[in-house]
Amino acid sequence: AITNNALTSMGELSKITMPVIFNEPLSFLQRLTEYMEHTYLIHKASSFSDSVERMQCVAAFAVSAVASQWERTGKPFNPLLGETYELVRDDLGFRLISEQVSHHPPISAFHAEGLNNDFIFHGSIYPKLKFWGKSVEAEPKGTITLELLEHSEAYTWTNPTCCVHNIIVGKLWIEQYGNVEITNHKTGDKCVLNFKPCGLFGKELHKVEGYIQDKSKKKLCALYGKWTECLYSVDPATFDAYKKNDKKNTEEKKNSKQMSTSEESDEMPMPDSESVFVIPGSVLLWRIAPRPPNSAQMYNFTSFAMVLNEVDKDMESLIPKTDCRLRPDIRAMENGEIDQASEEKKRLEEKQRAARKNRSKSEEDWKTRWFHQGPNPYNGAQDWLYSGSYWDRNYFNLPDIY
C-alpha cells in the first residue's frame, strides 16, 4: 500500500512519515557536514599561486564532498525546523554551523570557516525528491560557495543528482549524475565536470570527467576519475587522444560480438574494473581514504561520519539545545533502541506540527536564528547567508524543538 500511496503523491514525498528502519542515525545537517571530510584540499588550493592549480584542487574538493554518498543507502533523519549542528575540527582546521531554515520546502543552510581565516565555505541545500517507481532521485538544489580569502577569490557550483535504486525490492544502490559547473568569479575560469550515469552495461558507473577552461573556453586541463575513489588531471590533448582511442576499441568490441541489449534493469551493474585507468602523464589530485573495517555493519559510514554524533560533558555544556546531538530519536537509534527511536521520531514530528499550528493561529512567522535569506553575493541566486554571532556562545530564547 505504501508504494501506491507514495507514487500518487510525488510532491508529498517529504511529508510521508517513513519508518525509522530506513534511516541511518544522523540528521541531514550532519550528513551535509561530510562535505568537509577532505578540507585539506581547500588548504592545498590556497597554497598555490597559479589559478589553474587552485581550480584543480577546488574541483577535487567538490568531487570529494559527495564521495561519502557511496553505498550510503540509509536515509538521514529530516531535520526539524530550527535544528542546528556544529562541528569544530582543530585537526582539519575548520569550524561549521548549520541550521534547518525552512521546513516546506526543507532547506538546510551551512557556513564553515577556516580556523586560520583562510577560507569560507557555505551553502543552502534543498534536496528536491522525485519518485520514479523503483528509484528515488534527489536533486540538491542550491548554490555552494567557496571563498579563498588569501586570493580574494570565490568559486560557486551545485552538486550532482543522487539516485537510489531498488527502493521497493532488491539491493539498494546509488549513483550520482549530471553536470557540475564550478566558476571562478575572479578569473572567469570554469571547470565543467560530467558525473556519468552508469549506462546499460555499467561501463560508466561512478565516472567523472571534464575540463578546466578559461573565459574564452580554451581548454586548460582535463580531469577524470571516479567520485567513489579518485580524481586525476592531465593535458587536454592527451586526454582527447585517449578518449578517441578508447571509443574506437569499444566500437570494435561491439561489432565483433553484437551485444544483446536486455530490457533496462535496475540491478546494480558491475563495473568493468574497479579502478581508474591512469593515462600516462596524469597527476593525482585526490584519493579517497579507505572506510573503516566495521563500516558495513555501521550503515557504511566513513571514519569521519562515525564521530559526527559524539558528545561529551564539556561539549554538552557548550552547544545550544537545538544541536542534533541532543535529538532523542537519533540517539536512541544509535544506541540500537529501534522502538524507542520510532516513538521519539513520531513525538518530535507531532510536536513540530503542533508548534506550526500555534504559529498560524497567532499569525506569527518563524524566525531563523543564525541565517537570513538573501542573494548569493557572486551569482545572485537565492541563498541563505550566515548572520554571524553563533560562536559567541550566547544562546538565549532558543526554540524548544525536542
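**A walk from a hairpin to the surface**

Let's start at the hairpin of β8 and β9, where four residues sit between the strands and serine 152 has a positive phi near 45°. Keep in mind as you look around that this is a predicted model. The two strands of the hairpin, β8 (residues 144-148) and β9, pair in the antiparallel sense, with five bridges between them. Want one to find on screen? Isoleucine 144 has tryptophan 157 of β9 as its bridge partner.

Now stay with β9 and look at what else it touches. It also runs antiparallel to β11, and two bridges join that pair. Here tyrosine 155 has its bridge partner in asparagine 184 of β11.

So how many of the five residues of strand β9 are buried? Five of the five, at residues 153-157, so the strand is largely enclosed by the rest of the structure. Buried here means a relative accessible area under 20%. To picture the two faces, it helps to know that side chains in a regular strand alternate between the two faces of the sheet. In β9, Glu153, Tyr155 and Trp157 are on one side, while Ala154 and Thr156 are on the other, and both sides are covered.

Next, some backbone oddities. Most residues other than glycine have a negative phi, and most peptide bonds are trans. Serine 152, back in the hairpin, was one case of a positive phi. Asparagine 166 is another residue with a positive phi, near 65°. You'll find asparagine 166 in the loop between β10 (161-165) and β11 (173-184). Is asparagine 166 buried or exposed? Its relative accessible area is 4%, so it counts as buried, because the cut-off is under 20%.

Arginine 393 also has a positive phi, near 60°. This arginine 393 belongs to the segment after β18 (382-386). With a relative accessible area of 26%, arginine 393 is partly exposed.

For the peptide bonds, look at histidine 104 and proline 105: the bond joining them is cis, with omega at about -5°. Proline 105 lies in the loop between β4 (94-102) and β5 (107-114).

Finally, let's head out to the surface. Which residues gather there in a patch of positive charge? They are Arg353, Arg356, Lys357 and Lys361. Take lysine 361 as an example: it lies in helix α9, which covers residues 338-361. Lysine 361 counts as exposed because its relative accessibility is 68%, and the cut-off for exposed is over 50%.

Technical notes
Residues numbered from 1 in each chain as written. Predicted model: local features only at pLDDT ≥ 70, side-chain atom pairs only at ≥ 80, totals over all residues. Heavy atoms only, no water. Buried < 20%, exposed > 50% of the residue type's maximum accessible area, 1.4 Å probe, protein only. Patch = residues over 30% accessible without salt bridge, like charges linked within 9 Å, V, L, I, M, F, W, Y side chains within 5 Å. Areas by Shrake-Rupley, 256 points an atom, 1.4 Å probe, with all protein chains shown as cover. Salt bridge = Lys/Arg side-chain N within 4 Å of Asp/Glu carboxyl O. Lys, Arg positive; Asp, Glu negative; His and termini not counted. Charge placed at Lys NZ, Arg CZ, Asp CG, Glu CD. Pairing = 2+ DSSP bridges.
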